[in-house]
Amino acid sequence: MSEDKVGSLVEEALKRKERLQALKKKNEEAKDINADSPSKLPMPKFRSYKPQDESLKEKVLEDAKPGDVESEVQDQLSAAKSKVVIEELDISNLAPRKPDWDLKRDVSKKLEKLERRTQKAIAELIRERLKQDQHNLATMVNMIGKEETNDRT
């Protein structure tokens, strides 16, 4: 049995060695192809630097020209002076629909816990009554349903 393991390990090692050799060969071919073709590096754009080399001077960008700031400022000032007339303002859209929405949000987690505890307590009470009276489950459920409707009214 140990010979089988050794044999399979040797086979796996040979396969791995072949794959590595194939990868090395592929990488060398890729390097040769890249060396033959000129590399395409991004060309620099000179905004504030003036190159001394003549071949790079054509890559210099022109200086940015400032826009007409005075007219922009005048437009904004004239727009600020004119009064905006609000035709009709619906106050109900500005106010929240229910004033206690934040209270409900804060208390909702606590209410969920209490609801779960209440359901567990109700289930426990039902089990205790069933053990004490040994009545049919259906009659007990009907009685509890009647009690709940009476409590609600």
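This report walks through a few side-chain features of a predicted model, from charged pairs to surface patches.

## Two salt bridges

Let's start with charges that pair up. Side chains of opposite charge can do this when their charged atoms come close. Search the whole structure and you find two salt bridges.

One of them joins the side chains of Lys-57 and Glu-54, with 3.5 Å from N to O. How open are these two partners? Lys-57 is partly exposed, at a relative accessible area of 41%, while Glu-54 has 59% and is exposed. Exposed here means over 50%, so Glu-54 makes the cut and Lys-57 stays in the class in between.

The other bridge links Arg-105 with Asp-106, and here the N to O distance is 3.2 Å. Arg-105 comes out as partly exposed, with 49% relative accessibility. Asp-106 is partly exposed too, with a relative accessible area of 47%.

## One aromatic pair

Now for the rings. A pair of aromatic rings is described by the distance of the centres and the angle of the planes. Looking through the whole structure turns up one aromatic pair. Its members are Phe-46 and Tyr-49, whose ring centres sit 5.7 Å apart, with 50° between the planes. That angle makes the pair tilted, because planes under 30 degrees apart would count as stacked and those over 60 as edge-to-face.

What about cover? Phe-46 has a relative accessibility of 13%. Buried means under 20%, so Phe-46 counts as buried.

## A positive patch

Over on the surface, positive charge gathers in a patch. Its residues are Lys-109, Lys-110, Lys-113, Arg-116, Arg-117 and Lys-120. To find your way there, look for Lys-113 in helix H4, which covers residues 101–133.

## A nonpolar patch

There is a nonpolar patch on the surface as well, with an area of about 270 Å². Which residues make this nonpolar patch? Val-6, Val-10 and Leu-14 do. Val-6 belongs to helix H1, made of residues 2–36.

## A look at Val-141

Last stop: Val-141, which you'll find in helix H5, residues 137–152. With a relative accessibility of 48%, Val-141 counts as partly exposed.

How far is Val-141 from Leu-130, in sequence and in space? Along the sequence they are 11 residues apart, and their C-alpha atoms are 10.0 Å from each other.

Key. Residues numbered from 1 in each chain as written. Predicted model: local features only at pLDDT ≥ 70, side-chain atom pairs only at ≥ 80, totals over all residues. Heavy atoms only, no water. Patch = residues over 30% accessible without salt bridge, like charges linked within 9 Å, V, L, I, M, F, W, Y side chains within 5 Å. Areas by Shrake-Rupley, 256 points an atom, 1.4 Å probe, with all protein chains shown as cover. Salt bridge = Lys/Arg side-chain N within 4 Å of Asp/Glu carboxyl O. Lys, Arg positive; Asp, Glu negative; His and termini not counted. Charge placed at Lys NZ, Arg CZ, Asp CG, Glu CD. Helix = DSSP H or I, 4+ residues; strand = E, 2+ residues; numbered from the N terminus. Phe/Tyr/Trp six-rings, centres within 6.5 Å; stacked < 30°, edge-to-face > 60°. Buried < 20%, exposed > 50% of the residue type's maximum accessible area, 1.4 Å probe, protein only.
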